[in-house]
Amino acid sequence: MTQHANGLGFTRRPNENPRSQAEREAVLANPGFGDHFTDHTAVVDYKVDPGGAGGWSNARIEPYGPILMDPAAAVLHYGQEIFEGMKAYRHTDGSIWTFRADANAARFNASARRLALPELPEETFLDSLRELVTADREWVPSRDGDALYLRPFMIATEAFLGVRPAREVSYRVIASPAGNYFGGELKPVSIWLTTTYARAGEGGTGEAKCGGNYAASLAAQLEAEAHGCKQVLFLDPHNDNAVEELGGMNIFFVFGDGTLVTPELNGHILHGITRSSVLQLAADRGMTIQERKITIDEWRSGVDSGAITEVFACGTAAVITPIGELKTADGSIASPAQGIGEVTAAIREQLVGIQTGAVPDLHGWLTRLA
Ligand code: PLP
Ligand code: COI
């Protein structure tokens, strides 16, 4: 048991039947994305007491396994849920680090406020990652490009069918060894532009990382797959033809004159932590950064004229992935670059280099977990 200033020490109940070394090595040899989970999970409970005050308690590491939940639990009916996505990276000396965890902790609490869930002390968020990664450190991949994906989430567990914020909540973290989100080697992905569906709107939950946003994206994702595409691009529903973001990633445009453009944060785009890191790294490289409206018409004419030289998507799961063709109901916009563009590759290499300890962490973005 570890004790910390806020008193929420994690108790540890080790898994008595962990996967064998051979099973673990088989998973690590071919992790895929989100298919395999480690031997433990972190859990912290929250309950509002009869006096109305709420508190977190019973922080623990326990064996990974199914959650026993009342069928009336609010999360199952009204989707009161939030989550985060981050990664743990193994450095060559065996130490394990995570990237900009303070930003994930802050975004988690911003999502909690929007979904009327309780905020979690940032220290407890960080401790939960440290504790889980320490318990499951053998699961952190060492192969280049792979990492342990960490999924903190919070669910409303109170059994109650009235529509109001739940008074019982559970915070959990699970972990999953992860390779390329899109499978196989890194290569450009084609994207489908949906004009049927919006992901988010003014005053909605687009800035929150809540399950409902992803449920809302699935019909559009099916549309994309029906057109042979791997991801869907959403437009700003209030701004004709302005590009917003993909179902699970932000988007960037590289211009041949050294400008990097990404849609501005308009109240319904997720504040991507990779997005903000890419902006910083590009500025460090002397690029001109523009967070502004960019339309499908500008994308099309920019590729036609040669002004736009590369397009890429970014996120924790996707890291930095080149976007090839954009398919739309009105025809497609060709990929501006063959394979992985030069700027895309350089920014990706620098970002991954910082995360994995190969490049100096000049911005202090890394936190040691184990
Ligand atoms: N946009 C959406 C909708 C996402 O789900 C994600 C992934 O988390 C991102 C953008 C990228 O965010 P981040 O870089 O913080 O992972
Ligand atoms: C992430 O990048 O962490 C996400 O949550 C996006 C999802 C597509 C896996």
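Here are a few questions and answers about the two ligand sites in this predicted model.

Q: Which residue has a polar side-chain atom 2.5 Å from an oxygen atom of ligand 2?
A: Start with the ring of neighbours: Phe83, Gly85, Tyr149, Arg151, Tyr181, Lys209, Gly248, Thr316 and Ala317 surround ligand 2. Thr316 and Ala317 reach ligand 2 oxygen atoms with backbone atoms, at 3.5 Å for Thr316 and 2.8 Å for Ala317. The side-chain contact at 2.5 Å belongs to Tyr149.

Q: How much of ligand 2's accessible area does the protein cover?
A: On its own, ligand 2 has 280 Å² of accessible area. Its shell draws at least three residues from each of domain 1 (2-179) and domain 2 (189-356). With the protein in place, the share covered is 89%.

Q: What distance separates a polar side-chain atom of Tyr214 from an oxygen atom of ligand 1?
A: Now over to ligand 1, where the closest residues include Lys209 and Tyr214. Lys209 puts a polar side-chain atom 2.7 Å from a ligand 1 oxygen, and Ile273 has a backbone N or O atom 2.7 Å from one. For the side chain of Tyr214, the distance is 2.4 Å.

Q: What share of ligand 1's area does the protein bury?
A: Taken alone, ligand 1 exposes 380 Å². Around ligand 1 sit 17 residues, with β11 (243-246), α6 (273-284) and β15 (308-315) each giving at least two of them. The buried share comes to 96%.

Q: How many charged residues are in the shell around ligand 1?
A: Sort the shell by class and you get six nonpolar and seven polar residues. The charged ones number four.

Notes. Residues are numbered from 1 along each chain as its sequence is written. Chains are lettered from A and ligands numbered from 1 in the order in which they are written. This is a predicted model: local features need pLDDT of at least 70, side-chain atom pairs count only at pLDDT 80 or more; totals for chains, interfaces and linings use all residues. Side-chain values use heavy atoms; hydrogens and water are left out. A residue is near a molecule or strand if one of its heavy atoms lies within 4 Å of it. A polar contact is a pair of N or O atoms within 3.5 Å; within protein, one must be able to donate a hydrogen and the other to accept it, and residues adjacent in sequence count only if both atoms are side-chain atoms. Accessible areas come from the Shrake-Rupley method with a 1.4 Å probe; for residues, only the protein chains shown count as cover. Domain bounds come from an automatic or database domain assignment. Helices (H or I, at least four residues) and strands (E, at least two) are DSSP runs, numbered from the N terminus. Ala, Val, Leu, Ile, Met, Phe, Trp, Tyr, Cys and Pro count as nonpolar, Asp, Glu, Lys and Arg as charged, and the others, Gly among them, as polar.
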